[in-house]
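Open the model in your viewer and keep the selection panel at hand. The tour starts at one side chain and then moves to a sheet and its helices.

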Amino acid sequence: MSEKLRVGILGATGMVGQRFISLLENHPWFEVVTVAASPRSAGKTYEEAVGGRWKMDTPMPEAVKKLVVMNVNEVEKVAATVDFVFSAVDMSKEEIKAIEEAYAKTETPVVSNNSAHRWTPDVPMVIPEINPEHFEVIEHQKKRLGTTRGFIAVKPNCSIQSYAPVLTAWKEFEPYEVVATTYQAISGAGKTFKDWPEMEHNIIPYISGEEEKSEKEPLRIWGKVQDGVIVPAAEPVITCQCIRVPILNGHTAAVFVKFRKKATKEELVKALREFKGIPQELSLPSAPKQFIQYLEEDNRPQVTEDVDFEHGMGISIGRLREDTVYDWKFVGLSHNTVRGAAGGAILCAETLKAKGYIQAK
């Protein structure tokens with residue numbers, strides 16, 4: 001008998017669902033036993049339901065090809081087959097909120113890639129290296145939901161991964177004002193160039209809802225648990241522009257920072273290279289050994305060279321230099337569908353298992 005926890009993937013046929021499936025192949029702790037999607041996919045094998053829409057670079061894992069897709073709306077039926085679920089459903093925000101709560105109420109933990117519950121006050125939104133203590137609000141959430149083991153936890157937006165960890169590493173120097181411009185890959189919209197040919201040789205200076213998420217979500221991550229809810233931090237204030245660029249995977253950020261305390265370049269680089277958290281201390285299966293790397297070359301980080309650093313779970317920083325208006329500026333790069341989406345959620349689930357929140361039913 002397998003000792004692995006039984007995992008279901010809600011929204012398994014979409015791009016993030018596919019990324020979950022590819023990353024969970026041969027996972028030491030988790031085994032995908034259930035795939036669920038919209039009613040139009042239900043009843044088909046996973047291979048049939050995805051058809052020619054497999055978007056990963058690696059082949060579809062053999063273990064999932066013959067799994068019969070379940071109807072994601074048949075909550076009790078799906079929940080009965082698993083210990084917990086990852087959610088990557090493609091629905092309206094209100095529908096996502098409702099269906100994720102419905103799964104949690106069946107005593108099935110939900111680790112979500114979606115944005116619907118990111119501002120629900122008692123739902124933790126976590127980058128495990130930064131704010132694992134926010135998982136403490138789960139006990140308050142369970143009281144509200146009337147559950148003993150069911151809850152929802154979420155990971156933050158993909159676009160903040162290339163600068164929020166950096167600013168966290170520099171906390172001792174008290175960053176208080178940040179300007180960021182993100183250059184975001186098309187897979188962030190769930191697309192490839194085959195789906196979106198008009199993105200070739202093109203830039204679109206607008207991504208719906210992205211700038212607000214990029215400015216506000218880091219403050220929630222840096223917030224504190226108080227009276228059973230998460231209270232966002234007030235600083236650093238962030239203003240952001242988000243631009244869609246013709247890249248398949250990898251979000252790049254150009255960032256300017258003001259600090260209250262003076263820092264040298266050597267101090268800032270040292271803080272990045274030494275920054276680690278619970279995933280590294282516990283050697284969790286998906287944790288990068290080096291969370292943040294600093295690259296000395298003037299022309300790095302580059303998507304083609306650096307996006308897969310630490311299997312896409314690490315963050316690459318370069319071009320740190322003093323600025324004439326702000327104190328310092330740098331360029332960051334993170335893999336938006338690995339660290340920024342499915343991989344980040346898997347690392348959250350590993351942390352939750354290590355802390356005892358996710359167990360076999």
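Select R19 first: this residue is buried (under 20% relative accessible area, with exposed over 50% and partly exposed in between, for a 1.4 Å probe and protein chains only). R19 has no salt bridge (a side-chain nitrogen of Lys or Arg within 4 Å of a carboxyl oxygen of Asp or Glu). The nearest side chain of opposite charge, D57, is 5.7 Å away, counting Lys and Arg as positive and Asp and Glu as negative, with His and the chain ends not counted.

This is a predicted model, in which local features need pLDDT of at least 70 and side-chain atom pairs count only at 80 or more, while totals for chains, interfaces and linings use all residues. Residues are numbered from 1 along each chain as its sequence is written, and side-chain values use heavy atoms, without hydrogens and water.

Show helix α1 (residues 15–24), where R19 is found; helices are DSSP runs of H or I with at least four residues, strands are E runs of at least two, and both are numbered from the N terminus. Beyond neighbours within four places in sequence, R19 is in contact (heavy atoms within 4.5 Å) with M56, N249, H335, T337, V338 and A342.

Next, colour the open sheet of six strands, ordered β10-β7-β11-β14-β13-β12 with mixed pairing; two strands pair if DSSP finds at least two bridges between them. Its edge strands, each pairing on one side only, are β10 (237–244) and β12 (292–295).

Zoom in on β11 (residues 251–259) and β14 (residues 328–334), which pair in the antiparallel sense over seven bridges. Pick V255 there: its bridge partner in β14 is F330.
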